[in-house]
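Got the viewer open? Grab the selection tool and follow along, one stop at a time.

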Amino acid sequence: MCGIWALFGSDECLSVQCLSAMKIAHRGPDAFRFENVNGFTNCCFGFHRLAVVDQLYGMQPIRVKKFPYLWLCYNGEIYNFKQLQKQFGFDYQTLVDGEVILHLYNRGGIEQTASMLDGVFAFILLDTANRKVFLARDTYGVRPLFKVLTDDGFLGVCSEAKGLINLKHSTSLCSKVEPFLPGHYEVLDLKPSGKVASVELVKFHSCKDEPLHAACDTVEALPSAGFDIDTVKSNIRILFENAVRKRLMAHRRIGCLLSGGLDSSLVAAVLLKLMKEININYPLQTFAIGMENSPDLLAARKVAAHIGSEHHEVILNTEEGIQAIEEVIFSLETYDITTIRASIGMYLVSKYIRKKTDSVVIFSGEGSDELTQGYIYFHKAPSPEEAAEESERLLKELYLFDVLRADRTTAAHGLELRVPFLDHRFTSYYLSLPAELRIPKNGIEKYLLRLSFEDSNLLPKEILWRPKEAFSDGIASVKKSWFSILQDYIDQQVDDLLLEKAAEKYPFNPPKTKESYYYRQIFEKHYPGRSSWLPHYWMPRWVKATDPSARTLKHYKSATQE
C-alpha cells in the first residue's frame, strides 16, 4: 500500500502544488519522495511509501540503469513477478515486485504489460524516449486511482481524489476529478511543453475472461472434466488456496480481519494453514470488532479458537462510532449509505491494528459476496441467468463500494489490504461455472462455496453454514443494531424540513432519508460539487427496498423475528 501522485504540464509552481500530495501521506507512513522529471520542469512525481518489500531499494519513482528513460510510480503488489522473470529471462536490479512493469513494457508494450500482471495495481509509467505517459489499474480497482485532465493538457494523477481537488491551474480551478476505470489502461502523448493529450483508453481485462497471465501461474491447467460437481468443488479449493498462497509475499507481519462470517473465516483458516506450511514463525493475529456480545464477536471468537490464531477483539462503543463518521467520510470520498455504515467498524479496527500491533499486511474477505452471490436479495433473483448478470454488475462496481471501503479504511491507518477472493484466476473460473450452480440453494446463499469446503475441516460447521450478516449489522447486538443506533442519533441531527427540501439542495442522487442527508452534508463540506463521484447509491435488486441494510429484507433472520 502506497500513495502515488504525479503532475504533467503544471502552470503553477511545483513546490506549491506538491502540498496537495501531502493529503495522501497516510497511505505511506515510512518515507516520502518528490521528484522532478529531467527535461520537463513542469512534470513531477510524488510518492508516499509503506515499505512491505525490498526495504533498501523500494523508493519510487522506480528507475533502473537498463531503462534510463522509464519512470514508474505504482501502488500495489505484483504476485507473479518471479514467474515472469523466469519465463522471459528478466534481469532485475531490485527486489521490488513492481520492477517487472518496466521489463514487460520494454519487451511487449503497454497492452501486454497490463494483461500479464497478476496482482493489484495502479500505476503511472512515463517513457521520455517515446514521449508517452501510461496509466493503468487492476481488474477490480483494488488499488485506487484518480485523475484530472484539463482541456489544455494539464494532467494530475493520484491514489485518492483529495490529492487533486486543490490543484491550481491557469485555465481551471475546478476541473473534473474522476476515478480511473478498473481493468483499463490509457495512453497519452507527452508534448515538449510537458502537457499531455489522451490517445486512447483501452479495456485490457474483463472479469469473466481467463487472464493472460494464467499461462505462467503456479497452478497449472485445471482438470477439464466439465462441470462435474466434485471436480468443480476441487477446483474452487485449489484456486482459492492458490489465491491466498501468492498473497503471502511480504517482509512485514501478516494479520487478518475476522468478522466470523463465512468469507473472512475462510480467508483466515486457509491463511493460517499456509503460514504453517511455509514456516512463518509468528502467530497469525486476527481482528474482530463489535459491541459486547454482538453476533460477529461471538462467531469470530469461535473461528479463532478453531484455527488457533492470536485473536484480538475491539469493543465498539456507540459514542466512538458516531464520532468517527466525519473522518470516515473524509477518508472514503463517498456519501453512499451502506459503504459509510460498514466502514465505521473497519476504520476503527484498522486504527487499533496500527496503534496496538505490528501487523501491517492485512487479509480480508472482500469480493466474495459479489462473486458468489452472497447478498440476501439474491434469493429473489427471477432466474439463475439474471443472478449471474447481477453478480458481474456488482463486481464491475466494486471500486465504488466495498473495495473502496476496504482500501480507504485500511490505508487511512497505513495498512496494506490483501483480498484473495478477487484473485483474477479464481474469479474468472467461478464466473465460468453454469449460472444454476452459483445461485442460493435450500435458502442458503453462497451454497456452492460452502459446499466446496464442507469436507475440509477448516471451519466449524456452524460457521461454514452461518447465514449472511451485513458487516454494519453484525457488529451490533441483534436486538439493537448499529443501523438502528445510527438512525436514533441522526434523527436528532437532521430537521424534517431539511429532508423535505433535500431534492432542491442536492438534485443529483437526492437523499431520501435523514441518514443519507446527514452523510451528504458532511461529504459536501469536504468535497463540494463532487457528488458525481458516486453514480448511484448501493441498493438491493428485485425487492422494494428503500434502505440498503439486509435487516430490511424479509429473508433476514434475527432473534426478534424468530
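## Stop one: Ser364 and Leu257

Start by selecting Ser364 and showing whatever touches it: setting aside residues up to four places away in sequence, you'll find Leu257, Val267, Met346, Leu417, Arg418, Val419 and Pro420. Keep in mind as you look around that this is a predicted model. Ser364 belongs to the loop between β16 (359-363) and α10 (368-371). Is Ser364 buried or exposed? Its relative accessibility is 5%, so it counts as buried. Now show the side chain of Glu366 too: a polar contact of 2.5 Å joins it to the side chain of Ser364.

Next, click on Leu257, which was one of the residues touching Ser364. You're now in strand β13 (residues 253-257). Leu257 has a relative accessible area of 9%, so it is buried as well. Which residues is Leu257 in contact with, leaving aside neighbours within four places in sequence? Light up Ser264, Phe287, Met346, Val349, Ile353, Ile362, Phe363 and Ser364.

There's a record to go with this stop. In an unreviewed entry, UniProt lists Leu257, Ile289, Ser364 and Gly365 under "binding site". Colour those four and leave them on if you like.

## Stop two: helix α5

Select residues 262-277, which make up helix α5. Try the distance tool on its end C-alpha atoms: they are 23 Å apart. That agrees with what you'd expect, because 16 residues at 1.5 Å a residue should span 22 Å. Then turn the surface on. Of the 16 residues of α5, 13 are buried, so the helix is largely enclosed by the rest of the structure. Following α5 you come to Asn279, where phi is positive, near 60°.

## Stop three: aromatic rings

Time to show the ring side chains. How many aromatic pairs does the structure hold? The count is 33. For one of them, zoom to Tyr105 and Phe134: the ring centres are 5.2 Å apart and the planes meet at 55°, so the pair is tilted. Tyr105 sits in helix α3 (residues 99-116) and Phe134 in strand β7 (residues 132-137), so this pair links distant parts of the chain, 29 residues apart. Both Tyr105 and Phe134 are buried.

Now jump to Phe240 and Phe426. They form another tilted aromatic pair, 5.6 Å centre to centre with 55° between the planes. Look at where each ring comes from: Phe240 is in helix α4 (residues 229-246) and Phe426 in helix α13 (residues 424-432), so the pair ties together parts that are 186 residues apart in sequence. Phe240 has 0% relative accessibility and so counts as buried. Phe426, also at 0%, counts as buried too.

For a group view, select Phe146, Phe330, Tyr335, Phe523, Tyr527, Trp533 and Tyr537, which ring pairs link into a cluster. While Phe330 is on screen, add Lys162: this lysine lies over the face of Phe330, at 5.0 Å from the ring centre. You can find a charge over a ring at Trp71 as well, where the charged end of Arg63 sits 3.7 Å from the ring centre.

## Stop four: Arg143

Go to the loop between β7 and β8 (146-149) and pick out Arg143. Buried or exposed? With 0% relative accessibility, Arg143 counts as buried. Follow its side chain outward and you'll get to the backbone oxygen of Leu417, at 2.9 Å. You've met Leu417 before, among the residues that Ser364 touches. For a sense of scale, draw a line from Arg143 to Ser309: their C-alpha atoms are 28 Å apart, and the two residues are separated by 166 residues along the chain.

## Last stop: two positive phi values

Finish with a pair of backbone details. Lys446, in the loop between α14 (435-438) and α15 (447-452), has a positive phi near 55° although it is not a glycine. Lys446 has a relative accessible area of 3%, so it is buried.

Then select Trp542, in the segment after α21 (514-526). Here phi is about 65°, again positive in a residue that is not a glycine. What does Trp542 count as at 24% relative accessibility? Partly exposed.

Definitions and conventions
Residues are numbered from 1 along each chain as its sequence is written. This is a predicted model: local features need pLDDT of at least 70, side-chain atom pairs count only at pLDDT 80 or more; totals for chains, interfaces and linings use all residues. Side-chain values use heavy atoms; hydrogens and water are left out. Helices (H or I, at least four residues) and strands (E, at least two) are DSSP runs, numbered from the N terminus. The expected span of a helix is 1.5 Å times one less than its number of residues. Buried means under 20% relative accessible area, exposed over 50%, partly exposed in between (1.4 Å probe, protein chains only). Rings of Phe, Tyr and Trp (its six-membered ring) pair if their centres lie within 6.5 Å; planes under 30 degrees apart count as stacked, over 60 as edge-to-face and the rest as tilted. A charge sits over a ring if NZ of Lys or CZ of Arg is within 6 Å of the ring centre and within 35 degrees of the ring normal. A polar contact is a pair of N or O atoms within 3.5 Å; within protein, one must be able to donate a hydrogen and the other to accept it, and residues adjacent in sequence count only if both atoms are side-chain atoms. UniProt positions are given in the numbering used here, feature names are shortened, and annotations may be inferred rather than shown by experiment. Contact means heavy atoms within 4.5 Å.
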